[in-house]
Amino acid sequence: MEFFLAVVPRPRVITWFWLVLLVCIHNTEKAISASNYLVGLGSYDITGPAADVNMMGYANSGQTASGIHIRLRSRAFIVAEPQGNRVVFVNLDACMASQLVTIKVLERLKARYGDLYTEKNVGISGIHTHAGPGGYLQYVVYIVTSLGFVRQSFDALVDGIEQSIIRAHDNLHPGSVYVNKGEILDAGANRSPSAYLNNPAAERAKYKYDVDKEMTLLKFVDDQWGPVGSFNWFATHGTSMSRTNELISGDNKGTAARLMEDWFNQKSAARVLNENPRRVSSIIQGTQGNHHELLQLAASFQSTSGKPVTKYLSISRRVRSSLRTAERPHFVSAFCQSNCGDVSPNVLGAFCSDTGLPCDFNHSTCGGKNELCYGRGPGYPDEFESTRIIGERQFKKASDLFTSASEKLNGKIDFRHTYLDFSQLEVTLPKQGGGSETVKTCPAAMGFAFAAGTTDGPGAFDFKQGDNTGNPFWKLVRNVLRTPSKEQADCQQPKPILLDTGEMKQPYDWAPSILPVQILKIGQMVILSVPGEFTTMAGRRLRDAVSAVFKEKVHVVIAGLTNTYSQYVTTFEEYEMQRYEGASTLYGPHTLSAYIQEFKKLATAIVTGGTVEAGPQPPDLLNKQLSLLPGVVVDSTPLGVKFGDLKTDVPKNSTFKKGDMVSVVFWSACPRNDLLTEGTFALVELLQGQDTWVPIYDDDDICLRFKWSRPSKLSAQSHATIEWRIPQSAATGVYRVSHFGASKNLLGSITHFTGSSNAFVVK
C-alpha cells in the first residue's frame, strides 16, 4: 500500500478506492440477486386476412374483416431452470385458442426442439377479442359463420405462435421474474347480475364486487438487459368493439399491449438516441422552419403514382421493424384473459337503443326483444374511443404494477397436464349432512338463451336470456338437425336444448368432448389453463380450491380460453338461471365441479411429486375441414390507373392541426393476396432534413386506420382508405401517407406495389 501511495498521487488513490468499492458493491448485488431462472420473451404478427373473412366472436355472418385498426400479435414467455423444467405461455390477440392450432404448433415444436416443449408445459391462450379473423377452429359450430375452415387464418396463427416461441427461446438469458397485484375499478361490469345474485348470499358477502377487479402482473428482468417484458391477467371481455365493426383489432387488451410496449420503448429511446423511437416529437424533430418554409418544402413532394416494389419493402418501412432495432431483446407486454365469462367492458350499463331506458334486469330485453339491448362503453357512442379508454385503464394499472413490482418469484418450476372426456366425466360431490354422491357431466349442448346473445352483442329473432323452457317453433327447427335424447335432456336440466352439439357428428364433430386442463407453476406463481370462459364466481371457486391444495403461499391466476375452446363455465346456481353464460355451459350443471375436482388432482400431483395420466387424445380434424370461402380471382383497376395510384389525395399546400383527420384513398387490391405479415398496409412518414422520409405511424398504431372496400361485392376493383387522426404528440413538420399492397392477375401471379400522397404540413 505504501508503494502504491508513493507511485500514485493521493487524489488518484481516492478515485481508485471509490471505483474499486463500487465494483465490489455491484458484484455483490449481482451475486445476491442472481436468479435461478432463464427468461426469454418473443412476439410475432398473427393479424391474418384483413378482407372477406368473417370475424370470430359475435357469430354475426355480416361482420367480415375490411381493414385494420391495430395488428394482432402472438406474445410468448419462457421461464426455465438452467438444468431443469421450463414452461411456455403464449398470449394471442385472438378470440380464443384452438385445439387444432395447438396440435399443429406442438408438432412443429417437437420437430424443432424434440421433447423440450410439449402439451404438458406449453399453454396457448386467447385474449377474446371479437375483432379478429375466424375460421381457425376445427369444430363445426365455431366455423359456420366463416363459411367453414379458413386456411389463411389458421396458418397465420400457427406460424406466428411458432415464431414467437422461437424468438422467446433464442432470447433465453439468466434473469428474474417479479409478481405484483393491484385493482382496476372501472374496466369491467357484470353483464349477468341476475345470475350472479343466484349464488349463495354468504358466498357473495365474502366479496366487495360482483366481478374480479384484481390484475396480477409478472415482470421479466434480464440480468444483462434489464426489464424485457410483462404479462398480466385481468378479467374483462374483448367486446369494446361492437358486432358491426369490420376492422381487425386486439380490442381493449390489444390496445393496452400496444400502449404498454410503446410506453416502455419511448422510455428506452429517450436513453438510447440511436434507436427509432415510437413517439418522435421529443426525440427526433422533423424539418424545422416557419409555416411558409414548410409549405414550400411540402410542395416539392407531390403524390407518387403506384409502382411495383419488392415484397419486403413494407416490412423494412414498418415503424417497429426488427430490421432497425438494436441487439437488445424487444420489450414484450401481454394483457391476458382470465375469468371474464360474465364481465363486460361496457361499464356504463345496458340500455334500450329505441328508448334510452335500462334493459330488463332478468332477461336483458327491451319490450320483450333482445335485439335492442346494448351495453355502453365509456366512450359511447364511439366504440373506438371505448376501446381506447378501457385499454388505457388496463395499461395504466399495468405500468404502475410493473414499476413497483418487488416480490421475486423463487422456487421450482413445475407443470401438470391431462386430457379429459367432459362428455361423461364422473364427479364426486359432498352431500348435505355428510357422505357424497356421484354425478356426471353431459355431452355438449347449447341452450335457447345462447341464441339471445348478450348485452355486448345481442342475438336475433325472439330468443331471450333466462329462458328455461324453450320455444315450440324453434324446437321443431332444432329437431331437423337432431332431437336430443331423453337422457341428454335430463342431464342438461334445467337447460332447454337448442343445439345438441355434442351428439352431432356430420360432416364431423360439432363440438369438443375431450378437453385439456393444465397447471403451470413458477415458484409461487400458479397459472390455471382453462379451455373456456369462467364466470366471476366460478373462477373464484376454482382459484380457492387450488390455493387450498398448496401448502405455501401462492398467487393463483386463471388463464381463460387456453389450449382449446369449449365456451362457458358457470356455477351450479348461475346455470339454473339460464342466461347466456349458463346456456353456453356445454357439459351440464356440474361442469364447474368437474373442473374443480380435476384441477385439485393436478395441484396435488405437483405438491406430492406424483404423476397424472395423459388421458384420451383430442382428434385432429384438419383433413376433414370444409371451406366454402372463395379465393381471390383477380384484381383490377380502371383503364389508365395503376395499383397504388391516388383516388382521393390530400389537397396540395394543405396544413393540418393536431387532432385533425387526414384521409387518403388509393386504388388497391385484396389484402388476402399477401397478409404483409410483420409489415404494414398503411404508413405515415415524416420528412427528415430535405429528402429523407422517416416511418412514424403504421397500421399497428391506434391513430391510423386502414380500411379496405370494393365498389360492389363481386367487383375486382377495390380501394384502400387510410385515415390518420393526428396525435397531440406528433412533431411539427412535413408528412405524407403511403400505402402498400399486393395485386393478383388472371394467371395467379402476385405483384407488390406502393404509392404515396401529396406531402402536407402538420403544425
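I'll start with a sheet. In this predicted model, seven strands form an open sheet in the order β7-β2-β3-β33-β34-β30-β28, and the pairing is antiparallel. At the edges are β7, residues 132-133, and β28, residues 646-648; each has a single partner strand, so one side of each has no neighbour in the sheet.

Look at one pairing inside that order. Strand β3 covers residues 64-68 and strand β33 covers residues 704-709, and the two pair in the antiparallel sense over two bridges. Which residue of β33 is the bridge partner of I68? That partner is F706.

Now the chain as a whole. There are 16 helices and 37 strands. The radius of gyration is 27 Å, and the globule rule gives 27 Å for 763 residues, so the chain is as compact as a globular protein of that length. The C-alpha trace spans about 90 × 85 × 50 Å along its principal axes. Of the 763 residues, 59% are buried. On contacts: taking those with a separation of 6 or more, 78% are between residues 24 or more positions apart.

Next, empty space. Rolling a probe the size of a water molecule over the atoms shows where such space is left.

The largest pocket first. Its volume is about 1100 Å³. It is lined by 44 residues, and the closest to the centre are Y58, A59, M446, F450 and A451. Three elements give two or more residues to this lining: β2 at 51-56, α11 at 472-481 and β22 at 497-499. Which of the elements has the largest share of the lining? It is α11, with four residues. Strand β2 is worth marking on the screen, since β2 also appears in the sheet order I began with, placed there between β7 and β3. By class, the pocket lining has 25 nonpolar residues, 14 polar ones and five charged ones.

Then the cavities. How many cavities of 30 Å³ or more does the count give? The count comes to six. The largest cavity holds about 90 Å³ of space. Its lining has 15 residues, and L72, G132, P133, Y136 and L157 are the closest to its centre. By class, nine of the lining residues are nonpolar, five are polar and one is charged.

Two elements, β7 and α4 (151-170), each supply at least two residues of that cavity lining. The most comes from α4, with three residues. As for β7, that is the strand at residues 132-133 that stands at an edge of the seven-stranded sheet. G132 and P133 are both among the residues closest to the centre of the largest cavity.

One residue to finish on: L157, which sits in helix α4. Is L157 buried or exposed? L157 has a relative accessible area of 5%, and the cut-off for buried is under 20%, so L157 counts as buried. Setting aside neighbours within four places in sequence, the contacts of L157 are with I46, L92, A94, V101 and Y136. Y136 is 21 residues away from L157 along the chain, and their C-alpha atoms are 8.2 Å apart. Both L157 and Y136 are also listed with the residues closest to the centre of the largest cavity.

Key. Residues are numbered from 1 along each chain as its sequence is written. This is a predicted model: local features need pLDDT of at least 70, side-chain atom pairs count only at pLDDT 80 or more; totals for chains, interfaces and linings use all residues. Side-chain values use heavy atoms; hydrogens and water are left out. Two strands pair if DSSP finds at least two bridges between them. On a 1 Å grid over the protein atoms alone, a cavity is a set of points where a 1.4 Å probe fits but cannot get out, and a pocket is an open set with protein on both sides within 12 Å along at least five of seven lines; lining residues have an atom within 4 Å of a point. Grid points are joined across faces, edges and corners, and a volume is the space filled by probe spheres set on the points. Ala, Val, Leu, Ile, Met, Phe, Trp, Tyr, Cys and Pro count as nonpolar, Asp, Glu, Lys and Arg as charged, and the others, Gly among them, as polar. The radius of gyration is taken over C-alpha atoms; the globule rule is 2.2 Å times the number of residues to the power 0.38. Buried means under 20% relative accessible area, exposed over 50%, partly exposed in between (1.4 Å probe, protein chains only). Contact means heavy atoms within 4.5 Å.
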